[in-house]
Amino acid sequence: MKSGEIGAISSVFFVVTLVQSITVSVRRFHDIGKSSWWVLSIFTIIGIIPLIYWMCKKGDKGENRFGAGLL
């Protein structure tokens, strides 16, 4: 394989995994009753702290404003 081919393959892999990780993050925020716009807080230094906390927090039991939970 040439280096150009490896670069193209890694770029496609990056885009595919980026879309999936954003989707999982949006679902996670909906599980804890937060808006999916909070995903954008990753672009700020201060926003990373609550983002890590919310990702570790247990999801809401029952139904919230985004619908029924998985549990």
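Let me begin with arginine 27, which is found in helix H1, and let me say at once that what we are looking at is a predicted model. Arginine 27 is partly exposed, with a relative accessible area of 34%, and I would like to use this residue as our way into the structure. As a first sense of scale, arginine 27 and isoleucine 6 stand 21 residues apart in sequence, while their C-alpha atoms are 32 Å apart in space.

Now, what does arginine 27 form with aspartate 31? The two residues form a salt bridge, in which the closest N and O atoms are 3.3 Å apart, and the structure holds one salt bridge. As a general remark, side chains of opposite charge can pair when their charged atoms come close. Aspartate 31 also lies in helix H1, and because the two partners are four residues apart in that helix, they are separated by about one helical turn.

Let me stay with aspartate 31 for a moment and turn to its surroundings further along the chain. If we leave aside neighbours within four places in sequence, aspartate 31 is in contact with Gly59, Asp60 and Asn64. In addition, the C-alpha atoms of aspartate 31 and lysine 58, which are 27 residues apart along the chain, are separated by 8.5 Å.

Arginine 27 comes up again when we look at alanine 68, a residue that lies in strand S2, residues 67-68. Not counting residues up to four places away in sequence, alanine 68 touches Arg27, Gly62 and Glu63. Is alanine 68 buried or exposed? Its relative accessibility is 55%, and since the threshold for exposed is over 50%, alanine 68 counts as exposed. For one further distance, the C-alpha atoms of alanine 68 and isoleucine 32 are separated by 11 Å, the two residues being 36 apart along the chain.

Next, the aromatic residues. How many aromatic pairs does the structure hold? There are two aromatic pairs. One of them is formed by phenylalanine 29 and tryptophan 54, and this pair is edge-to-face, with 6.0 Å from centre to centre and 75 degrees between the planes. The pair links distant parts of the chain, given that phenylalanine 29 sits in helix H1, residues 3-31, and tryptophan 54 in helix H2, residues 48-56, with their positions 25 residues apart in the numbering. Phenylalanine 29 is buried, and tryptophan 54 is buried as well.

Then there is the pair of tryptophan 38 and tryptophan 54, whose ring centres are 4.8 Å apart and whose planes stand at 75 degrees, so that this pair is edge-to-face; the reasoning rests on the cut-off for that class, which is over 60 degrees. This pair, too, links distant parts of the chain, with tryptophan 38 in the loop between H1 and H2 and tryptophan 54 in helix H2, 16 residues apart. With regard to accessibility, tryptophan 38 is partly exposed at a relative accessible area of 39%, whereas tryptophan 54, at 11% relative accessibility, counts as buried. Taken together, the ring pairs link Phe29, Trp38 and Trp54 into a cluster.

The loop between H1 and H2 deserves some further attention. Serine 35 lies in this loop, and at 21% relative accessibility serine 35 counts as partly exposed. Leaving aside neighbours within four places in sequence, serine 35 is in contact with Phe29, Arg65 and Phe66, so one of its contacts is a member of the ring cluster just described, in which Phe29 is linked with Trp38 and Trp54. For Arg65 there is also a backbone distance to report: the C-alpha atoms of serine 35 and arginine 65 are separated by 9.7 Å, and the residues are 30 apart along the chain.Tryptophan 37 lies in the loop between H1 and H2 as well, and at 66% relative accessibility tryptophan 37 counts as exposed. Which residues make the nonpolar surface patch of about 690 Å²? The patch is made by Trp37, Leu40, Ile42, Phe43, Ile48 and Ile52.

Finally, I return to helix H1, where serine 25 has its place. A polar atom of the serine 25 side chain lies 2.9 Å from the backbone oxygen of serine 21. With neighbours within four places in sequence left aside, serine 25 is in contact with Val39 and Met55.

How values were computed. Residues numbered from 1 in each chain as written. Predicted model: local features only at pLDDT ≥ 70, side-chain atom pairs only at ≥ 80, totals over all residues. Heavy atoms only, no water. Phe/Tyr/Trp six-rings, centres within 6.5 Å; stacked < 30°, edge-to-face > 60°. Helix = DSSP H or I, 4+ residues; strand = E, 2+ residues; numbered from the N terminus. Buried < 20%, exposed > 50% of the residue type's maximum accessible area, 1.4 Å probe, protein only. Patch = residues over 30% accessible without salt bridge, like charges linked within 9 Å, V, L, I, M, F, W, Y side chains within 5 Å. Areas by Shrake-Rupley, 256 points an atom, 1.4 Å probe, with all protein chains shown as cover. Salt bridge = Lys/Arg side-chain N within 4 Å of Asp/Glu carboxyl O. Polar contact = N/O pair within 3.5 Å; in protein donor to acceptor, adjacent residues only side chain to side chain. Contact = heavy atoms within 4.5 Å.
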